[in-house]
Amino acid sequence: MKSTLRTWRTPAALFGGSLLLIVLVLVTGRVQLGLDELIGPKLDAGFITTRPDLVKGMMSLAEVKPGDIVYDLGCGDGRIVIAAARDHGARGVGIDLNPKRIKEANDNARTAGVDDRVTFRVGDIFQEDYSDATVVALYLPADLNIRLRPQLWRQLKVGARVVSNDSGMGPEWPAEKTEQVGNATLYYWTIREEQKRAAAAAPAT
């Protein structure tokens, strides 16, 4: 009897230990790797940090300068808006659905000493007003860029610049310039009269 009981307990103990290990890995991953954002039910895009060289490249391609108002739609930890303020003398606004990311962005802005020139807020980029932007920065999947395109056309003024990391805007709005940074492609557009006319002619959604 003792031998049989020991034989039954051994697989059960192994199964229980393996299950506990899986749970610990998932919990640790959610906290340390941001998996909660990747699988969160409310988020359209997971949080992937923008490399410093890509942040620098986006600011350079958009020619960000003092006097600009830079919006980052889906701002994550705020690094693009912070770089615009710290390195280029611009003002900036970051919008993200995730309150955790907004808290990080505000903390990072204070650390960088630019919290008086940047604002971060929780919001849905498809519902927000960013008509005062002179530059809009994006790091979103292509399908979200395309969904956002009519709103950019409606809201932004002629001459406003849009820069995107890794995703275009579809054949209806080809990029005016592209730049390769490592294995990533950056895209650049300006709002022109034809985009404003197209937005005005489109049915309201």
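Begin by selecting strand β1, residues 69–73, together with strand β4, residues 135–138: in this predicted model the two strands run parallel and are joined by 4 bridges. Within this pairing, pick out Leu 73, which stands opposite Leu 138 of β4.

Keep Leu 73 selected and turn to β2, residues 91–96, where its bridge partner is Ile 95; β1 and β2 also pair in the parallel sense, here over 5 bridges. If you now add helix α4, residues 79–88, to the two strands, you have a right-handed β-α-β unit made of β1, α4 and β2. Colouring β1 by accessibility is a useful next step, since 4 of its 5 residues are buried, so that the strand is largely enclosed by the rest of the structure.

Next, widen the selection to the whole sheet, which is open and has 7 strands in the order β3-β2-β1-β4-β5-β7-β6, with mixed pairing. At its edges stand β3 (118–122) and β6 (177–181), each with a single partner strand, so one side of each is left without a neighbour in the sheet. Looking across the strands, you will find a twist that averages 15 degrees from one strand to the next.

Finally, bring in two helices that pack on the sheet. Helix α5, residues 99–112, touches β2 and β3, and its direction makes about 165 degrees with that of β3. Helix α6, residues 142–155, touches β1, β4 and β5 (161–165), and the direction of this helix makes about 170 degrees with that of β4, which returns you to the strand joined to β1 by 4 bridges at the start of the tour.

Methods
Residues are numbered from 1 along each chain as its sequence is written. This is a predicted model: local features need pLDDT of at least 70, side-chain atom pairs count only at pLDDT 80 or more; totals for chains, interfaces and linings use all residues. Side-chain values use heavy atoms; hydrogens and water are left out. Two strands pair if DSSP finds at least two bridges between them. Axes are lines fitted to C-alpha atoms, for helices over the stretch in contact, and angles run from 0 to 180 degrees between N-to-C directions. Contact means heavy atoms within 4.5 Å. Buried means under 20% relative accessible area, exposed over 50%, partly exposed in between (1.4 Å probe, protein chains only). A crossover is right-handed if, with the strands pointing away from the viewer, the path from the first strand over the helix to the second runs clockwise.
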